[in-house]
Amino acid sequence: MALQGPIPVTFAQVFPHGCYVVGEVEAVKDFDASTNGRFVQARDKSTGELVWQVAVMDADPAVKPGQKTVAVKILAPVQPVPPAPMPGLPFTPVEFDHVTVTPYVNGTGRLAYSIKVREMRAPRTGTAPAKPATATTAKDAA
């Protein structure tokens, strides 16, 4: 099969309604290398970059409440800094670049996705989040 490993996608494909930072950027622990009292940060298996993680809330109104918050892993040599908060908003909007998803089966036997990115930034000004594509029906065409 030609499709192996992380699958490159766009930010708009993963978060068509945008997303918001709801946690701190934290180092991801390498559970195999860490020992009691000695923390070792995880490195990406493909690139060797340090792995960081931030919790974000998906702004899609159709997403179930229990699935709204997801962890995004950031590959970067130093700890990424979230964008500055925006006045009047309870959460900070964020966008990611160089996004990949890796499907896996989680502990409950369900399909899940690991989201990895290379950059975290403030949303571009003057552009609205991409709207999901909808199928045109004969009724719409009339």
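**Strand pairing, salt bridges and aromatic contacts in a predicted model**

Strand 7 and strand 8 form a hairpin with five residues between them, and Gly-109 in the turn has a positive phi of about 85 degrees. The structure is a predicted model, in which local features need pLDDT of at least 70 and side-chain atom pairs count only at pLDDT 80 or more, whereas totals for chains, interfaces and linings use all residues. Residues are numbered from 1 along each chain as its sequence is written, and side-chain values use heavy atoms, with hydrogens and water left out.

The secondary structure of the protein comprises two helices and nine strands, the elements following the order β-α-β-β-β-β-β-β-β-β-α from the N terminus; helices (H or I, at least four residues) and strands (E, at least two) are DSSP runs, numbered from the N terminus. Of the 142 residues, 30% count as buried, where buried means under 20% relative accessible area, exposed over 50% and partly exposed in between (1.4 Å probe, protein chains only). The accessible surface comes to about 9800 Å², of which carbon and sulfur atoms hold 57%; these areas come from the Shrake-Rupley method with a 1.4 Å probe, and for residues only the protein chains shown count as cover. Among contacts (heavy atoms within 4.5 Å) between residues at least 6 apart in sequence, 61% join residues at least 24 apart.

Strand 8 (residues 111–117) takes part in the hairpin through six bridges to strand 7 (residues 99–105), the two strands running antiparallel, and within this pairing Thr-100 stands opposite Lys-116. Strand 8 also pairs with strand 5 (residues 69–75), here in the parallel sense and over three bridges; two strands are taken to pair if DSSP finds at least two bridges between them. In this parallel arrangement Ile-74 has Val-117 of strand 8 as its bridge partner.

Ile-74 is also one of the residues in contact with Trp-52 when neighbours within four places in sequence are left aside, others including Val-25, Val-28, Gln-41, Val-72, Ala-76 and Pro-80. The C-alpha atoms of Trp-52 and Ile-74 are separated by 5.0 Å, although the two residues are 22 residues apart along the chain. Trp-52 lies in strand 4 (residues 51–58) and has a relative accessible area of 9%, and therefore counts as buried. A polar atom of the Trp-52 side chain lies 3.0 Å from the backbone oxygen of Ala-76.

Side chains of opposite charge can pair when their charged atoms come close. A search of the whole structure finds four salt bridges, each defined as a side-chain nitrogen of Lys or Arg within 4 Å of a carboxyl oxygen of Asp or Glu. Lys-116 forms one of them with Asp-44, the closest N and O atoms being 2.8 Å apart. This pair links distant parts of the chain, 72 residues apart, since Asp-44 is placed in the loop between strand 3 (26–27) and strand 4 and Lys-116 in strand 8. Asp-44 is buried at a relative accessible area of 8%, whereas Lys-116, at 21%, is partly exposed.

A further salt bridge joins the side chains of Arg-118 and Glu-49 (3.5 Å, N to O). It links the loop between strand 8 and strand 9 (119–121), which holds Arg-118, to the loop between strand 3 and strand 4, which holds Glu-49, across 69 residues of sequence. Both partners are partly exposed, Arg-118 with a relative accessible area of 34% and Glu-49 with 22%.

The side chains of Arg-121 and Asp-97 meet in a salt bridge as well (2.8 Å, N to O). Arg-121 lies in strand 9 and Asp-97 in strand 6 (residues 92–97), so the pair ties together parts that are 24 residues apart in sequence. Arg-121 and Asp-97 are both buried, and salt bridges with shared partners join them with Glu-95 into one network.

Two aromatic pairs are found in a search of the whole structure. The ring centres of Phe-11 and Phe-15 are 5.6 Å apart and their planes stand at 40 degrees, so the pair is tilted. Phe-11 and Phe-96 form another tilted pair, 6.3 Å centre to centre and with 55 degrees between the planes. This pair links distant parts of the chain, 85 residues apart, with Phe-11 in helix 1 (residues 11–14) and Phe-96 in strand 6. Rings of Phe, Tyr and Trp (its six-membered ring) pair if their centres lie within 6.5 Å, and planes under 30 degrees apart count as stacked, over 60 as edge-to-face and the rest as tilted. Ring pairs thus link Phe-11, Phe-15 and Phe-96 into a cluster, whose members count as buried at relative accessibilities of 13% for Phe-11, 3% for Phe-15 and 2% for Phe-96.

Note on methods:
Polar contact = N/O pair within 3.5 Å; in protein donor to acceptor, adjacent residues only side chain to side chain.
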